[in-house]
Amino acid sequence: QLQASGGGLVQAGGSLRLSCAASGRTWFVINAFGWYRQAPGKQRELVADIKRGGSTNYSDSVKGRFTISMDNAVNTVYLQMDTLEPEDTAVYYCTSNIWTMTQGSTDYWGQGTQVTVSS
């Protein structure tokens with residue numbers, strides 16, 4: 001399962017750090033982590049993702065402001081969000097592609113965490 005945390009209310013120009021930890025009963029390998037967001041009335045969109053080897057990908061709207069990273073030792077992904085804008089207000093979702101011997105590679109989603117940026 002994926003457990004996300006770190007959302008909240010912040011003023012424009014501020015920073016927040018989201019975390020998402022993967023856990024499971026059996027041995028697993030994380031192939032990739034990603035963060036998506038969904039604002040009211042809008043479709044869910046990719047914010048950033050990171051693969052096991054460390055390669056990253058960002059949406060144009062957050063490039064240069066957000067940084068995704070992962071700690072393999074604790075199976076956790078982070079999203080450092082700086083210079084936040086009101087347009088970043090959304091529910092942020094963590095996702096992960098995880099491999100297990102019994103299920104192969106499967107995509108999992110965490111519960112959303114609300115990020116609200118006030119102007």
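This is a short talk on the fold, one pocket and two residues of a single protein chain.

Okay, hi everyone. Before anything else, please keep in mind that what we're looking at is a predicted model.

Let's start with the whole chain. How many helices and strands does the protein chain have? The count comes to zero helices and 11 strands. So if you read along the sequence, you just get β-β-β-β-β-β-β-β-β-β-β, and that labelling rests on DSSP runs.

Now for the overall dimensions. Along its principal axes, the C-alpha trace spans about 50 × 25 × 20 Å. There's also a rule of thumb to try here: a compact globule with 119 residues would have a radius of gyration near 14 Å, and the protein chain has 14 Å, so the two agree.

What about the inside and the outside? Of the 119 residues, 39% count as buried. The chain exposes about 6500 Å², and carbon and sulfur atoms supply 49% of that area. Then there are the contacts: taking those with a separation of 6 or more, 53% are between residues 24 or more positions apart.

Let's zoom in on Ile68, which you'll find in strand β7, residues 66-71. Is Ile68 buried or exposed? Its relative accessible area is 4%, and buried means under 20%, so Ile68 is buried. And who does Ile68 touch? Setting aside the neighbours within four places in sequence, its contacts include Phe33, Trp35, Ala48, Tyr58, Val77 and Leu79. For a sense of distance, take Ser55: Ile68 and Ser55 are 13 residues apart in sequence, and their C-alpha atoms are 10.0 Å apart in space.

Next up is Val74. Where does Val74 sit? It's in the loop between β7 and β8, with β8 covering 76-81. Val74 has 44% relative accessibility, which lies between the 20% and 50% cut-offs, so it counts as partly exposed. Val74 and Ala4 are 70 residues apart along the chain, and their C-alpha atoms are separated by 14 Å.

Last stop, the pocket. Rolling a probe the size of a water molecule over the atoms shows where empty space is left. The largest pocket here has a volume of about 170 Å³. Which residues line the largest pocket? Among them are Gln1, Ser23, Gly24, Arg25 and Thr26, and also Ile98, Gln103 and Tyr108. By class, the lining has three nonpolar, seven polar and one charged residues.

That's my tour, so over to you.

Definitions and conventions. Residues numbered from 1 in each chain as written. Predicted model: local features only at pLDDT ≥ 70, side-chain atom pairs only at ≥ 80, totals over all residues. Heavy atoms only, no water. 1 Å grid on protein atoms, 1.4 Å probe; cavity = no way out; pocket = protein on both sides within 12 Å on 5 of 7 lines; lining within 4 Å. Points joined across faces, edges and corners; volume = space filled by probe spheres on them. Nonpolar A, V, L, I, M, F, W, Y, C, P; charged D, E, K, R; others polar. Helix = DSSP H or I, 4+ residues; strand = E, 2+ residues; numbered from the N terminus. Rg over C-alpha atoms; globule rule 2.2 N^0.38 Å. Buried < 20%, exposed > 50% of the residue type's maximum accessible area, 1.4 Å probe, protein only. Contact = heavy atoms within 4.5 Å. Areas by Shrake-Rupley, 256 points an atom, 1.4 Å probe, with all protein chains shown as cover.
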